[in-house]
Amino acid sequence: MRNTKAFKEAVAQTLTELAHRGVTLAPATVEDTIEKNISTVAERLRIQTRSAWRYFDAAALADRLAQSQASYEESSSEKGVGQAPMPPIDNPELALVLAGVPDSLAQTGGDLYAVIINVAVNAWMAGHIHGEDGCTGCDGSRGPAGHDWEARMRTITELQPNVTKWFDRDVWTRAVNDAGYTVARR
């Protein structure tokens with residue numbers, strides 16, 4: 001189904017409709033949804049998949065996806081689920097996470113999945129550490145040093161005084177290249 005002209009047009013139309021509504025979803029999410037919907041229509045009406053396309057409406061699907069996205073965001077905010085605190089752009093810990101990417105690429109032999117996991121875990125931990133003062137589950141978990149986030153940032157800056165260089169895209173790209181890798185779009 002995914003290799004058909006109808007499918008590709010449906011995905012493009014739905015993504016355009018979503019853009020008009022100010023909603024951004026990954027193309028793969030839209031593709032999966034369309035495939036599931038068309039298959040369900042064909043199965044329930046007992047018709048061939050190619051005949052089910054006559055029931056496809058990109059605008060209606062975009063409306064449902066946008067409504068679902070809004071509902072999800074609303075339910076998450078009601079339950080206190082939000083985004084982790086974003087550190088300032090010159091944050092020393094964020095610089096260490098960025099600096100770790102070229103090293104991780106070299107250590108893993110270019111295993112992008114392993115690099116992303118490494119970055120995600122380090123970023124998650126950094127965000128968690130930043131917000132520990134309000135985390136009841138973290139009481140007493142940091143030992144005698146406690147939850148002094150400012151002291152942690154000072155320590156990192158002392159260990160690596162030029163953290164701001166990692167916020168320069170050219171410096172970071174050179175470090176990735178020096179590790180023997182490039183990021184290129186196919």
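Good morning. The expected span of a helix is 1.5 Å times one less than its number of residues. I begin there because that rule allows a check on helix 1, which has 16 residues and should therefore span 22 Å. Its end C-alpha atoms lie 23 Å apart, in agreement with the expected value. Please keep in mind throughout that this is a predicted model.

Let me stay with helix 1. Which of its residues are buried? They are F7, A10, V11, T14 and L18. Viewed down the helix axis, these buried residues fall within an arc of 100 degrees, so they line one face of the helix. As a general point, an α-helix has 3.6 residues a turn, so residues three or four places apart point the same way. The face turned away from the buried side of helix 1 carries the exposed residues K5, A19 and H20. Just after this helix, G22 adopts a positive phi of about 75 degrees.

I turn now to the nonpolar core. The largest one has 16 residues, and those with the most contacts inside it are L18, L25, V30, I34 and W53. Helix 1 (5-20), helix 2 (27-45) and helix 4 (58-78) are the elements that each give two or more residues to this core.

W53 deserves a closer look. At 15% relative accessibility, this tryptophan falls under the 20% limit and so counts as buried. Leaving out residues up to four places away in sequence, W53 touches M1, A6, F7, A10, I34 and I38.

That brings me to the aromatic residues. How many aromatic pairs does the structure hold? There are two. In one of them, the ring centres of F7 and W53 are 6.3 Å apart and the planes stand at 75 degrees, so the pair is edge-to-face. F7 belongs to helix 1, while W53 sits in the loop between helix 3 (49-52) and helix 4, so this pair ties together parts that are 46 residues apart in sequence. F7 counts as buried, with a relative accessibility of 3%. The rings of W53 and F56 have their centres 5.8 Å apart, with planes at 70 degrees, so that pair is also edge-to-face. Together, F7, W53 and F56 make up one aromatic cluster.

Next, the charged residues. In general, side chains of opposite charge can pair when their charged atoms come close. The model contains six salt bridges, and I shall describe those of R2. With E31, the closest N and O atoms are 3.2 Å apart. E31 lies in helix 2 and R2 in the segment before helix 1, so the bridge ties together parts that are 29 residues apart in sequence. R2 also forms a salt bridge with D32, at 2.4 Å between the closest N and O atoms. This second pair links distant parts of the chain, 30 residues apart. With E35, the corresponding distance is 2.9 Å, and R2 and E35 are 33 residues apart. Through shared partners, R2, E31, D32 and E35 are joined into one network.

Are the members of this network buried or partly exposed? R2 is partly exposed at 27% relative accessibility, as are E31 at 25%, D32 at 44% and E35 at 28%.

Finally, a residue in helix 5 (residues 92-108), namely S104. S104 is buried, with a relative accessible area of 6%. Apart from neighbours within four places in sequence, S104 is in contact with A114, V115 and N118. Thank you.

Methods. Residues numbered from 1 in each chain as written. Predicted model: local features only at pLDDT ≥ 70, side-chain atom pairs only at ≥ 80, totals over all residues. Heavy atoms only, no water. Core = buried A, V, L, I, M, F, W, Y, C linked by side-chain atoms within 4.5 Å. Buried < 20%, exposed > 50% of the residue type's maximum accessible area, 1.4 Å probe, protein only. Helix = DSSP H or I, 4+ residues; strand = E, 2+ residues; numbered from the N terminus. Contact = heavy atoms within 4.5 Å. Arc of directions from axis to C-beta. Phe/Tyr/Trp six-rings, centres within 6.5 Å; stacked < 30°, edge-to-face > 60°. Salt bridge = Lys/Arg side-chain N within 4 Å of Asp/Glu carboxyl O.
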